[in-house]
Protein chains: 2
Amino acid sequence: MPDQPKYLQQLNGDLWLIEDERENMKISYRIKEVVFSKSSAFQHVMILDSYDFGRMLVLDGVVQTTSMDGYIYNEMISHIPLSIHPNPKNVLIIGGGDCGAAREAAKYSHVENIDMVEIDEWVVKVCKEYLQEVSGNLSDPRVHFIFDDGIQHVKKYKNHYDVIIVDSSDPIGPAKQLFERSFYQDIYHALKEDGLMVCQSQSPIFHMDVLKQTFGHIQNLFPVTKLYTTTVPTYPGGLWSFTLGSKKYQEIHVNHFDKKTKYVNQAILHSCFNLPEFIQL
Amino acid sequence: MPDQPKYLQQLNGDLWLIEDERENMKISYRIKEVVFSKSSAFQHVMILDSYDFGRMLVLDGVVQTTSMDGYIYNEMISHIPLSIHPNPKNVLIIGGGDCGAAREAAKYSHVENIDMVEIDEWVVKVCKEYLQEVSGNLSDPRVHFIFDDGIQHVKKYKNHYDVIIVDSSDPIGPAKQLFERSFYQDIYHALKEDGLMVCQSQSPIFHMDVLKQTFGHIQNLFPVTKLYTTTVPTYPGGLWSFTLGSKKYQEIHVNHFDKKTKYVNQAILHSCFNLPEFIQL
């Protein structure tokens with residue numbers, strides 16, 4: 001077992017991860033084992049085995065995804081855009097180092113290419129090795145791993161992708177620039193003329209400012225902008241939002257959702273767009 | 001300020017409530033002030049002022065409702081049954097000491113009587129005084145407070161109520177019996193021949209056993225049984241379930257939801273019944 005990383009604490013003989021991302025509310029997980037721990041060039045990367053959520057990917061001390069609930073986020077960020085675009089062939093995923101979004105996208109037989117641009121190769125490496133419940137140890141030949149800065153990657157392409165999925169961590173650390181207007185502008189240009197994008201746009205409970213700003217950026221660029229939500233048990237506040245920007249398509253075109261999933265189904269494809277009354281955009 | 005209750009801890013000069021209800025996952029709240037703290041005949045009752053969620057009702061160290069998100073739970077447990085029963089006149093609320101469910105039920109002008117049976121008078125007293133964002137300092141003359149055991153109360157009535165709302169705490173402590181089959185049987189008999197009931201049925205993430213057992217009890221008694229969910233940010237796992245048992249009505253009859261709410265709206269009345277794929281009943 002590696003030395004005890006600074007993000008972990010011993011309490012009464014047990015090991016705990018106490019997330020330090022919020023000043024006034026903390027979520028703590030009892031940990032069975034530190035499976036992997038290393039500082040990459042970009043962040044501190046851990047795989048922890050927890051009692052309640054199984055193995056978890058933890059970046060800079062913050063839980064990103066878990067064996068137990070990772071499918072909710074990954075299915076929601078993938079199947080909604082891929083059920084709105086009628087014929088996505090060329091898909092780009094920015095971030096998404098846990099490989100879960102790529103795994104879901106690969107369930108579509110008409111998707112011919114999935115470019116996965118992740119800045120931190122170590123995240124992909126450890127998720128493929130130690131977090132296969134989420135990554136599926138992805139070996140689909142249509143998935144191309146590109147270890148690069150997503151911001152630089154999208155600048156290189158014009159009129160190229162059908163669907164772009166921005167699966168970023170929180171807007172601090174390496175993901176900060178993925179919430180800025182210029183990035184969405186580059187995404188707009190990298191998409192084909194009927195392309196669409198989706199990004200995670202944080203918590204409607206705790207980050208309404210980030211959510212509104214992201215929605216605003218996308219609304220200023222795309223003719224169609226839609227917000228949808230889900231519940232992610234390991235994210236503070238539970239409720240989480242995604243913003244979709246589309247050049248053309250706006251309705252779910254799938255009539256009989258037939259992918260093998262644990263969260264998304266035909267009814268959820270539609271009802272995720274029904275927002276609580278307090279979310280006014 | 002009262003003495004520091006045992007449920008609170010000083011950490012680096014700050015006061016924290018660290019919920020102790022789960023062995024392997026804890027949620028902690030930074031606290032500004034202990035507004036009220038007392039052991040009643042039934043449980044330890046606190047009103048805490050927290051940084052992220054405002055004032056909170058805390059029973060035996062577990063957060064029940066908060067100024068910031070209490071409306072989600074209270075609107076969902078009230079407006080769904082009251083939008084399925086076409087003409088509820090006589091409503092019973094069991095538990096619900098924060099008065100939030102009664103406050104929502106009082107928004108229906110055709111409701112003539114609301115019996116609120118709460119075992120612990122202190123909960124009602126402190127919520128009316130110190131948690132008016134949730135309780136609304138309820139003074140509607142249609143609301144009758146009865147400080148009694150809900151189990152004994154329902155045994156006294158046959159063919160009496162249109163709608164019964166079981167707003168209990170977790171199935172430990174004073175609420176344990178509110179999850180037992182005999183209780184639902186008494187509820188069945190206390191309802192009129194076209195009556196319906198709803199109860200909170202715990203987390204689909206952490207308490208699938210309680211959820212399935214509750215659903216099973218109700219399904220064995222009522223011709224119509226339906227599950228719906230919402231997100232409660234201060235409950236572990238975020239996702240929360242409610243089970244509805246009805247003798248006759250099963251569809252939302254409201255076409256234009258016109259109550260002043262912060263969470264429920266016309267779309268949510270319907271889409272809350274769309275369950276994630278992993279919830280198989």
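**Notebook: the A–B contact and an annotated site**

I began with the contact between the chains, to which chain A and chain B give 35 residues each; contact here means heavy atoms within 4.5 Å. This is a predicted model, where local features need pLDDT of at least 70 and side-chain atom pairs count only at pLDDT 80 or more, while totals for chains, interfaces and linings use all residues. Residues are numbered from 1 along each chain as its sequence is written, chains are lettered from A and ligands numbered from 1 in the order in which they are written, and side-chain values use heavy atoms, with hydrogens and water left out.

**Entry: area**

I looked up the area buried between chain A and chain B and found about 3,100 Å², with 58% of it from carbon and sulfur atoms. Buried area is the accessible area (1.4 Å probe) that two parts lose on being put together, summed over both. On the side of chain A, 19% of what is buried against chain B comes from A:Asn24, A:Asp52 and A:Glu277, more than any other three residues supply.

**Entry: polar pairs**

Next I checked charges and found two salt bridges between chain A and chain B. A salt bridge needs a side-chain nitrogen of Lys or Arg within 4 Å of a carboxyl oxygen of Asp or Glu. A:Glu23 pairs in this way with B:Arg30, and their closest N and O atoms are 3.6 Å apart.

Then I asked which elements of chain A give two or more residues to the side that touches chain B. They are strand E3 (25-39) and helix H8 (266-271); both are DSSP runs numbered from the N terminus, with at least four residues for a helix (H or I) and at least two for a strand (E). E3(A) gives the most, with six residues. I also sorted this side of chain A by type: 19 nonpolar, nine polar and seven charged residues. Ala, Val, Leu, Ile, Met, Phe, Trp, Tyr, Cys and Pro count as nonpolar, Asp, Glu, Lys and Arg as charged, and the others, Gly among them, as polar.

**Entry: annotated site**

The unreviewed UniProt entry has a "binding site" annotation covering A:Gln43, A:Glu118, A:Asp149, A:Gly150 and A:Pro174. Its positions follow the numbering used here, feature names are shortened, and annotations may be inferred rather than shown by experiment.

I placed A:Gly150 in helix H5 (residues 150-155) of chain A. A:Gly150 counts as buried because its relative accessibility is 7%; buried means under 20%, exposed over 50%, and partly exposed in between (1.4 Å probe, protein chains only). Leaving out residues up to four places away in sequence, A:Gly150 touches A:Ile94, A:Val117 and A:Phe183.

A:Pro174 sits in the loop between strand E10 (161-167) and helix H6 (181-190) of chain A. At 33% relative accessibility, A:Pro174 is partly exposed. With residues up to four places away in sequence not counted, A:Pro174 touches A:Phe42 and A:Gln43.
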